[in-house]
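Here's a quick briefing to read alongside the structure. Keep the 3D view open as you go through the points.

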Amino acid sequence: MAANSFGILYRLTTFGESHGPAIGGVIDGCPAGVTLDFEAIQKDLDRRKPGQSAIVTQRKEPDEVEFLSGIFEGKTTGTPIGFCIRNTNQKSQDYSHIKQQYRPSHADYVYDEKYGFRDYRGGGRSSARETASRVVAGAIAKQFLNPITIQAYVSAVGSLQLEKSPDQLDLSLAEQNIVRCPDPQLAVQMEEYIKQVRKEGDTVGGVVSCVIKNVPKGLGAPVFDKLHAVLGHAMLSINAVKGFEYGSGFEGIKMKGSEHNDLYHEDGTTLTNRSGGVQGGISNGMDIYFNVAFKPVATIMQKQEALTHEGELVEMQGKGRHDPCVVPRAVPIVEAMAALVLADFTLLKRADKL
Ligand SMILES: Cc1cc2nc3c(=O)[nH]c(=O)nc-3n(C[C@H](O)[C@H](O)[C@H](O)COP(=O)(O)O)c2cc1C
């Protein structure tokens with residue numbers, strides 16, 4: 001299975017399965033001399049980890065990162081940063097029922113079709129456990145992106161939607177509730193809804209929105225590696241993602257060009273920001289903002305029809321510890337993937353002109 005790496009200059013390769021001894025990664029291309037704030041890295045991992053609240057999977061994993069190389073006396077050395085996170089709370093027997101059966105809308109069937117063999121325990125490599133490694137690499141990238149800041153938050157759970165735009169919100173409120181929605185009243189409704197859906201043995205989807213501020217002009221490449229295209233690639237590579245839109249997104253089609261255009265101020269900033277901070281694939285210095293849609297995940301605790309390895313349709317009863325709604329845990333993953341993209345383009349920009 002190739003394609004376990006992301007990025008050109010700041011390049012992350014991840015390894016590991018949900019129920020193997022460990023997951024981890026190698027970050028190649030991190031500049032030397034970055035003084036690392038290890039607490040900030042662990043904080044982002046804690047925002048992603050299972051068992052953190054009553055509305056996420058109850059798998060209990062401390063998700064402590066162990067660095068193996070590339071760091072000396074608290075600073076990056078410019079050599080590959082190897083790291084691992086031990087898997088400590090596997091219950092592989094919870095997954096014995098999916099050894100010969102394929103959960104509808106999970107990756108079980110396609111992995112078997114593609115490779116003829118799969119590590120079914122906890123979803124193996126298809127498990128979102130892999131994203132913890134992305135969070136480590138993203139947390140390190142955030143530390144040399146200054147003054148760029150990246151903040152994601154939950155803007156929808158099912159049909160409960162935040163109607164305000166990022167500039168009308170106090171985004172610091174997002175981390176003050178377990179849903180990670182910056183509207184405290186709506187967060188309560190979202191939490192209740194997720195709990196209700198969990199009781200029904202079901203799952204629900206949602207949207208994670210993200211705002212990137214203090215972006216310098218000129219990040220992104222003009223043709224295939226447009227900034228928004230690479231952000232789209234990054235976001236669509238996250239498990240369970242079904243949609244990506246930036247700037248005015250799909251709503252923008254309802255406007256005419258005369259309404260949609262972002263008119264200039266004399267200094268090149270714009271009066272409105274329907275472009276979402278990117279024009280022609282290149283950052284224009286305005287905030288970048290985008291939305292990422294996550295589906296209601298596949299593993300439900302209700303009975304449903306599944307396909308067996310032998311091609312029979314059978315009744316399957318969901319088992320194991322699963323997320324009823326992944327968006328609260330997806331917030332740091334979205335930030336991490338955005339940080340990888342911004343770090344890469346920041347380093348690449350140095351080669352743009354003499
Ligand atoms: C943070 C996070 C947690 C997830 N937890 C679960 C889970 O508990 N159960 C599940 O079936 N899928 C879960 N998923 C989604 C699966 O990993 C994903 O749906 C699966 O690999 C199939 O890929 P696809 O949905 O992208 O097609 C999670 C995704 C994320 C981002």
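Let's start at the ligand: helix H7 gives the most to the shell around it, with 3 residues. Keep in mind that this is a predicted model. H7 comes back in the sheet and in the core, so to speak, as you'll see below.

**Around the ligand**
- A total of 20 residues surround the ligand.
- The closest ones are Ala128, Asn239, Val297, Thr299 and His322.
- Sort the shell by type and you get 9 nonpolar, 8 polar and 3 charged residues.

**The sheet**
- Look for an open sheet of 5 strands, in the order E10-E9-E11-E15-E12, with antiparallel pairing.
- Strands E10 (160-161) and E12 (241-246) are at the edges; each has a single partner strand, so one side of each has no neighbour in the sheet.
- Strand E11 (residues 206-213) is joined to strand E15 (residues 288-294) by 7 bridges, in the antiparallel sense.
- Within this pair, Cys210 sits opposite Phe290 in E15.

**Helices on the sheet**
- Helix H5 (residues 227-236) packs on the sheet and touches E12 and E15.
- The direction of H5 makes about 155° with that of E12.
- Helix H7 (residues 327-349) lies across E9 (149-157), E11 and E15.
- Relative to E9, H7 runs at about 145°.

**The nonpolar core**
- The largest nonpolar core has 79 residues, and the members that touch the most others are Val157, Val208, Val334, Ala338 and Leu340.
- H7 supplies the largest share of this core, 14 residues.
- Take Val334: leaving out residues up to four places away in sequence, Val334 touches Ala152, Val208, Cys210, Met235 and Val292.

**A closer look at Ala338**
- You'll find Ala338 in helix H7.
- Is Ala338 buried or exposed? It counts as buried, because it has 27 C-beta neighbours inside 10 Å, and the cut-off for buried is 20 or more.
- Which residues is Ala338 in contact with, leaving aside neighbours within four places in sequence? They are Ile150, Cys210, Ile212, Leu231 and Ala234.
- Leu231 is worth finding in the viewer: Ala338 and Leu231 are 107 residues apart in sequence, but 6.5 Å apart in space, C-alpha to C-alpha.
- Cys210 turns up twice, as a contact of Val334 and as a contact of Ala338.

Technical notes:
Residues are numbered from 1 along each chain as its sequence is written. This is a predicted model: local features need pLDDT of at least 70, side-chain atom pairs count only at pLDDT 80 or more; totals for chains, interfaces and linings use all residues. Two strands pair if DSSP finds at least two bridges between them. Helices (H or I, at least four residues) and strands (E, at least two) are DSSP runs, numbered from the N terminus. Two residues are in contact if their C-beta atoms, placed from the backbone, lie within 7 Å. Axes are lines fitted to C-alpha atoms, for helices over the stretch in contact, and angles run from 0 to 180 degrees between N-to-C directions. A residue is near a molecule or strand if its C-beta atom, placed from the backbone, lies within 6 Å of it. Ala, Val, Leu, Ile, Met, Phe, Trp, Tyr, Cys and Pro count as nonpolar, Asp, Glu, Lys and Arg as charged, and the others, Gly among them, as polar. A nonpolar core is a set of buried Ala, Val, Leu, Ile, Met, Phe, Trp, Tyr and Cys residues joined through C-beta atoms within 7 Å. A residue is buried if 20 or more other C-beta atoms lie within 10 Å of its own, exposed if 12 or fewer, and partly exposed in between; C-beta atoms are placed from the backbone.
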